[in-house]
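Hi everyone, thanks for making time for this. I'd like to walk you through one model, so let me put it on the screen.

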Amino acid sequence: MTNKTVVLFTGGEERADFTPVLGRPLGAYALEAACGVSPEAVLALPGSGARGRAGWEALIRSVETKTPVFLLEAGGGRASKRQGVFAALSTARSVLEKYPACDLLVVPSSLPLVRERTLKSLLRTHAAKGFSLTFLSGGAGGGLTGLLVLRTADVFPRLRGAARKDVAAGFEGVARSLTEAGKRVGFVGAADPDEVFAARTAPDLSRAARLLRDRKNESLARRGVVLLDPASAWIDWAVTVGPRTVIHPFVVIEGRSAIGPGAHISPHVHIAGSTVGARVKVLSSTVMDDTVLEDDVQVGPFSRFRPKTRVCAGAKVGNFVEMKNTVFGPRSKAQHLSYVGDSRVDEDVNVGAGTITCNYDGVSKNPTRIEAGAFIGSGTELVAPVTVGRGAYVAAGSTITKDVAAGSLAIARARQVEKPGWVLERVKERKTSRGGRKP
């Protein structure tokens, strides 16, 4: 009968665990893989160089799991890398006594590329072979990785009393002690050497980030997403993308963004914490944060969407348009050079080029409402709070400071004055003022 499994998730002295990679701390990847083996519990033990309990609590929260994760007190002292796993086990031993006769899977936080399937394979081999201690090695020619599984009933007695002499040798001494007692010790080679790549230094982090990016992009491609240049697309781990969506080079999608099926994301687009619906076209160099684009919307190029913005189905937002805290209605259009902030725009509205909602009076933000079917002429300033009624027209170049009734035409601009011959008269005046002097 297979023993129950408990995971000991061990932190190192390095701060790499907390470096954000694809939207989550680097250490979260190894923790997620460990939780994937469905253990009874995970005991997270920070290393001696950890940045504090708050950082580790945030790291644990970044992993969605039903497995109970208990954060232990950081291990004291500065154990060598050779002794690191051994020292971590010694520190956690008193807590592990709550789980008698279990298999303990030790997973270092410095292995962000280890996969759940590799850990499960290690546990199966450990149980099938009847090993008391099983090491995961780096494959052909690779050394030990710090990742191992042990039978607590066999190993724990050797961590007491006379077995303390083995501390200097770490688990090599424990393995020797077990074999001398007639117990079995095994080694399993990693099928993919990248999985046991330890990320500790800045160059290591860069390599780990690239490999994780490739893994994420390969996963999307298997689900029918077309990435035209996977090497330049950076898509966070939590992002979901629907099938038949095409992603062009140099796209960044961050946070818990979701892209619907059949979307088209052009080059140099930056999406953060946003939802993009089905068949949406996001044209080049568009930036959005905390925004919702409903189905069949087209935005860009060079559009900016600030938080709390929703562009409703079938609407179009064009080049150099900025929106913030706005609901932009179905089939409405704002195609050029406009700012729409703190606004509610209903369906089938046309916002002309150069329109500005003047939402800030120096003290507070004020709302603008544009009702269905209204037409806002180019170069208009809507001084909030103000409402443009259903089907109303606002003449180009107007500065609107009062509500416009439904079906009305509002003109708010100075009368044009023209002075014939003014330029010639001005030239004569200049010549007279010079008094015939040479220039």
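Let me start with a question: in which strand is the place of Tyr393? Tyr393 sits in strand S37, which covers residues 393–394. Please keep in mind throughout that this is a predicted model. With a relative accessible area of 45%, Tyr393 is partly exposed. Tyr393 also belongs to a nonpolar surface patch of about 410 Å², together with Phe375, Leu409 and Ile411.

Let me step back to the whole chain. We have 439 residues, and 47% of them are buried. The secondary structure counts 8 helices and 39 strands. If you take the contacts with a separation of 6 or more, 38% of them join residues 24 or more positions apart. As for the surface, about 21400 Å² is exposed, and carbon and sulfur atoms supply 52% of that.

Now the backbone, for those of you who like torsion angles. Most residues other than glycine have a negative phi, and most peptide bonds are trans. So here are some exceptions to look at. The peptide bond from Gly300 to Pro301 is cis, with omega near 0 degrees. You will find Pro301 in the loop between strand S22 (298–299) and strand S23 (304–305). Phe302 lies in the loop between S22 and S23 as well, and its phi is near 60 degrees, a positive value in a residue other than glycine. Is Phe302 buried or partly exposed? Phe302 counts as partly exposed, because its relative accessibility is 42% and the buried class ends under 20%.

There is another cis peptide bond from Ala384 to Pro385, again with omega near 0 degrees. Pro385 is in the loop that runs between strand S35 (381–383) and strand S36 (386–388). And Ser285 has a positive phi, near 60 degrees. Its loop connects strand S19 (281–282) and strand S20 (287–289), and Ser285 is partly exposed at 23% relative accessible area.

Next, a pocket. How much space lies in the second largest pocket? About 410 Å³. It is lined by 16 residues, and the closest to its centre are Glu32, Arg115, Glu116, Arg215 and Trp237. Helix H1 (27–35), helix H4 (116–129) and helix H7 (202–222) are the elements that give two or more residues to this lining. H7 gives the most, with 6 residues. H1 deserves a second look: 8 of its 9 residues are buried, so H1 is largely enclosed by the rest of the structure. Among those buried residues are Tyr29, Leu31 and Cys35.

For a view of the interior, try Thr134, in strand S7 (residues 133–137). Thr134 is buried, at 0% relative accessibility. Which residues does Thr134 touch, leaving aside those up to four places away in sequence? They are Leu122, His126, Leu148, Val149, Gly186 and Val188. For Leu122, the C-alpha to C-alpha distance from Thr134 is 7.8 Å, with the two positions 12 residues apart in sequence numbering.

Last topic: charges. The structure holds 17 salt bridges. One of them joins the side chains of Glu64 and Arg256, at 3.0 Å from N to O. This pair links distant parts of the chain, 192 residues apart: Glu64 is in the loop between helix H2 (53–61) and strand S5 (69–71), and Arg256 is in the loop between strand S14 (252–254) and strand S15 (258–259). Both Glu64 and Arg256 are exposed.

Then there is Glu322 with Arg306, whose closest N and O atoms are 2.9 Å apart. Glu322 is in strand S26 (residues 322–324), while Arg306 is in the loop between S23 and strand S24 (309–311), 16 residues apart. Glu322 is partly exposed at 23% relative accessibility, and Arg306 is partly exposed at 24%.

A further salt bridge is formed by Lys324 and Asp342, at 2.7 Å from N to O. Lys324 is also in strand S26, and Asp342 is in the loop between strand S29 (339–341) and strand S30 (343–345), 18 residues apart. Are Lys324 and Asp342 buried or exposed? Both are buried. Finally, Arg151, Asp154 and Lys183 are linked in a network of salt bridges.

That's my tour, and thank you for listening.

Note on methods
Residues numbered from 1 in each chain as written. Predicted model: local features only at pLDDT ≥ 70, side-chain atom pairs only at ≥ 80, totals over all residues. Heavy atoms only, no water. Helix = DSSP H or I, 4+ residues; strand = E, 2+ residues; numbered from the N terminus. Buried < 20%, exposed > 50% of the residue type's maximum accessible area, 1.4 Å probe, protein only. Contact = heavy atoms within 4.5 Å. Areas by Shrake-Rupley, 256 points an atom, 1.4 Å probe, with all protein chains shown as cover. Patch = residues over 30% accessible without salt bridge, like charges linked within 9 Å, V, L, I, M, F, W, Y side chains within 5 Å. Salt bridge = Lys/Arg side-chain N within 4 Å of Asp/Glu carboxyl O. 1 Å grid on protein atoms, 1.4 Å probe; cavity = no way out; pocket = protein on both sides within 12 Å on 5 of 7 lines; lining within 4 Å. Points joined across faces, edges and corners; volume = space filled by probe spheres on them.
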